[in-house]
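User: Please examine one part of this model closely and describe how that part is placed within the whole. A connected account would be preferred to a list.

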Amino acid sequence: MTEHRITLLPRQGRDAAPPARVRDGERLTIKVLRYNPADPASVPHLQRYELEQSPGMTLFIALNEIRDRLDPSLQFDFVCRAGICGSCAMVINGRPTLACRTLTRDVGPEIVLAPLPVFELIGDLSVDTGKWMRAQSERLAAWVHLREDEPDLTRLEQRMEPELAERIFELDRCIECGCCVAACGTARMRADFVGAVGINKIARFRLDPRDTRDDAAFYELVGDDDGVFGCMSLLACHDVCPKDLPLQTQIAYVRRKMAAQGFGG
Ligand code: SF4
Ligand code: F3S
Ligand code: FES
């Protein structure tokens, strides 16, 4: 059984734990890139907030404190506070990551926050990753293509080797936070690039024995420059993924399979 670590960010690469940079009671300065695209008078600018570092403070706590005590107009997203929903991703000191899993003591005393690039900006730190992810899922037909149109729900569930189920689960852990897309140079240049998140999905459905699609069908979806051949192996996606998905391996694997398919199957 694979062990899945939950770590508090940030990390340099995947494993290094940074030393605490701020002690409890010390001052934190949080600068937020603010802009409201719905307001014609709004101009992008950095707004500065001062807070006191408290024990165990995460950026989720800090931003809520700012909104409660200092500035109710500040926009940002959180749902689960546990690294599960993916909604709190933002650029923290230049690195896309999850705010709810980031301790302020590790990234302070001065913290600069910006919204994820690539995705549609709603306002301040809030972006619409859902719209992007949904369009991408529809484009990749990211669901199991069963043999029958209507699955028979009264039938016993289909058996699967535990090892294979575990390999599929490993890739299914993606929370669609968008960090890999925001960190990717290709995604910044190509609006239709499927990104590591999309390539990972193809790898996931390719593994699934219930999915009837073959490599020719997957090639139709990602066998071009907006798909796996647009990836320049920059690997920032792999470095920033907060769920530690094996993106580097999956991208290389899908690329090899799609290249073989392109050269004649
Ligand atoms: Fe987030 Fe990782 Fe999924 Fe990309 S692959 S959307 S970084 S969880
Ligand atoms: Fe982008 Fe990752 Fe490829 S950062 S270029 S999808 S290796
Ligand atoms: Fe859900 Fe951070 S609030 S991942």
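Analyst: A helix is here a DSSP run of H or I covering at least four residues, numbered from the N terminus. The model is a predicted one, and the part chosen is helix α3, which covers residues 129–139.

The setting comes first. The protein has 10 helices and 7 strands. Its radius of gyration is 20 Å, close to the 18 Å given by the globule rule for 265 residues, so the protein is as compact as a globular protein of that length. The C-alpha trace extends over about 60 × 45 × 40 Å along the principal axes. Of the 265 residues, 36% are buried. Among contacts with a separation of 6 or more, 68% join residues 24 or more positions apart.

Within α3, the residues T129, W132 and M133 are buried, each having 20 or more other C-beta atoms within 10 Å of its own. Viewed down the axis of α3, these buried residues fall within an arc of 95°, and they therefore line one face of the helix. Their packing partner is the strand β7, residues 126–128.

The other side of the helix has another character. K131, A135 and E138 are exposed, and they are carried on the face of α3 turned away from its buried side. In summary, T129, W132 and M133 of α3 are buried, whereas K131, A135 and E138 are exposed.

What follows the helix also deserves a remark. After α3 comes A141, which has a positive phi, near 45°.

Definitions and conventions
Residues are numbered from 1 along each chain as its sequence is written. Chains are lettered from A and ligands numbered from 1 in the order in which they are written. This is a predicted model: local features need pLDDT of at least 70, side-chain atom pairs count only at pLDDT 80 or more; totals for chains, interfaces and linings use all residues. Helices (H or I, at least four residues) and strands (E, at least two) are DSSP runs, numbered from the N terminus. The radius of gyration is taken over C-alpha atoms; the globule rule is 2.2 Å times the number of residues to the power 0.38. A residue is buried if 20 or more other C-beta atoms lie within 10 Å of its own, exposed if 12 or fewer, and partly exposed in between; C-beta atoms are placed from the backbone. Two residues are in contact if their C-beta atoms, placed from the backbone, lie within 7 Å. The arc is that of the directions from the helix axis to the C-beta atoms.
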